[in-house]
Amino acid sequence: MALTLYVDTARWRAHHKHVQEQFPGLVPVCKGNGYGFGHERLSEEATRLGADLLAVGTTYEAARIKDFFGGDLLVLTPYRRGEEPVPLPDRVIRSVSSVDGVYGLVGARVVIEVMSSMKRHGVSEQDLPQLHQAIENVRLEGFAIHLPLDRTDGSDAVEEVIGWMDRLRAARLPLHTMFVSHLKAEELIRLQQQFPQTRFRARIGTRLWLGDHDATEYRGAVLDVTRVAKGDRFGYRQQKAASDGYLVVVAGGTSHGVGLEAPKALHGVMPRAKGVARAGLATVNRNLSPFVWGGKQRWFAEPPHMQVSILFVPSDAPEPHVGDELVAHLRHTTTQFDRIVDR
């Protein structure tokens, strides 16, 4: 009995090919928990796509993934002097976001990140004159720019990249390759047309692996069902049942990521109102679970346990049985499955 990730493999891979066709030179990204699929599986899928380069989050991930992927690996987290050394093969490329970082990687293969409107990390325009000497002692693989997902000021992503291309060209720095993130296919085409001598390579993770929502589905198996009457006490905290119904023990707890949620950016009045309503319900121990039964998301009977969750299903709903599976609306990047099933 498990929390299972079901994959419509043919459909999932067809989506990969579609994205690859839209973004020539695509660099797949495999970081964190492997977008819910795991590092080994995504390394295999990247190989299947014929990718020559796979982007990973950290040096620690690169050390693990190097055994699964035979091509080059690009570490997205920028190098910092004094970081813990991790033994890595020469096919690993380091991202750098400062002139000092470039000087600290003598002989290494590097990609230099420029500061975008994200304002997260990257070299500034004022740093460019100093890069000439710094890059003499490294093997420069190209420059990179990481763009924001939303542009609430109405600015143009392509114009932001063009601005940096012009600055780099004015500084007489090599422009053979530019790695980009969060561009649309048509935006990439515009850039390639304007700078035909530069190879633009899109680093893509979420859109590639999770872009077709209907290709994957989490389901938790029912382990036990106990009928309760209104007022019956149950669980660790011995709360009272609010009405007649069933306590349903389902596979999937905090160790799987169930009940854990990353903060979300809310836009508009309605999403904010719903957020306030959820917060109010939580103060009286009413928390909606990600599990669906009888066409509705069901409430947690109490906070999820480590490997299982206990749900309350009212008596007017169909009775669940041991062995049934409940669809679970879970975020891939925060979920660990027990097993994956291709179908």
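**Helix packing and sheet organisation in the predicted model**

Helices H6 and H7 are roughly parallel to each other, since their packing angle of about 30 degrees falls in the class of angles under 35 degrees. The model described here is predicted. H6 spans residues 157-170 and H7 spans residues 185-194, and their axes lie 10 Å apart. The crossing of the two helices is right-handed. On the H6 side, the contact is formed by Ala 157, Val 158, Glu 159, Val 161 and Ile 162, and on the H7 side by Glu 187, Arg 190, Leu 191 and Gln 194. Classified by residue type, this contact of H6 with H7 comprises 5 nonpolar, 1 polar and 3 charged residues.

Both helices are associated with an open sheet. This sheet is formed by 8 strands in the order E2-E9-E8-E7-E6-E5-E4-E3, with parallel pairing. E2 and E3 are the edge strands, each pairing on one side only. At the E3 edge, 4 bridges join E3 to the parallel strand E4, residues 72-75, and Leu 54 stands opposite Leu 73 of E4. H6 packs on the sheet through strands E6 (109-114), E7 (139-146), E8 (177-181) and E9 (199-204), and the direction of H6 makes about 145 degrees with that of E7. H7 also packs on the sheet, where it touches E8 and E9; the direction of H7 makes about 160 degrees with that of E9.

A second helix pair is formed by H1 and H2, which pack at an angle of about 60 degrees with their axes 11 Å apart. H1 and H2 are therefore oblique to each other. The crossing of H1 and H2 is right-handed. In this contact, Thr 9, Trp 12, Arg 13 and His 16 of H1 meet Arg 41, Leu 42, Glu 45 and Arg 48 of H2. By class, the contact of H1 with H2 contains 2 nonpolar, 2 polar and 4 charged residues.

Within H2 (residues 39-48), the buried positions are His 39, Arg 41, Leu 42, Ser 43, Glu 45 and Ala 46. The buried residues of H2 pack against helices H1 (9-22), H3 (59-65) and H8 (206-210), and against strands E2 (27-28), E3 (53-56) and E18 (339-342). The elements packed against the buried residues of H2 thus include E2 and E3, the edge strands of the open sheet. H2 is followed by Gly 50, which has a positive phi near 80 degrees.

Strand E13 (residues 245-251) has 7 of its 7 residues buried, so E13 is largely enclosed by the rest of the structure. E13 pairs with strand E10 (residues 216-228) in the antiparallel sense over 6 bridges, and 7 bridges join E13 to strand E16 (residues 308-314), likewise in an antiparallel arrangement. Leu 247 of E13 takes part in both registers: Thr 226 stands opposite Leu 247, and Leu 247 stands opposite Phe 312 of E16.

Tyr 103 is located in helix H4 (residues 99-103). With a relative accessible area of 33%, Tyr 103 is partly exposed. When neighbours within four places in sequence are set aside, the contacts of Tyr 103 are Arg 81, Gln 130, Gln 133 and Ala 134. Tyr 103 and Arg 339 are separated by 236 residues in sequence and by 45 Å in space, C-alpha to C-alpha.

Key:
Residues are numbered from 1 along each chain as its sequence is written. This is a predicted model: local features need pLDDT of at least 70, side-chain atom pairs count only at pLDDT 80 or more; totals for chains, interfaces and linings use all residues. Side-chain values use heavy atoms; hydrogens and water are left out. Axes are lines fitted to C-alpha atoms, for helices over the stretch in contact, and angles run from 0 to 180 degrees between N-to-C directions. Angles under 35 degrees count as roughly parallel, over 145 as roughly antiparallel, 65 to 115 as roughly perpendicular and the rest as oblique. A crossing is left-handed if the near helix is turned anticlockwise from the far one by less than a right angle, and right-handed if clockwise. Contact means heavy atoms within 4.5 Å. Ala, Val, Leu, Ile, Met, Phe, Trp, Tyr, Cys and Pro count as nonpolar, Asp, Glu, Lys and Arg as charged, and the others, Gly among them, as polar. Buried means under 20% relative accessible area, exposed over 50%, partly exposed in between (1.4 Å probe, protein chains only). Two strands pair if DSSP finds at least two bridges between them.
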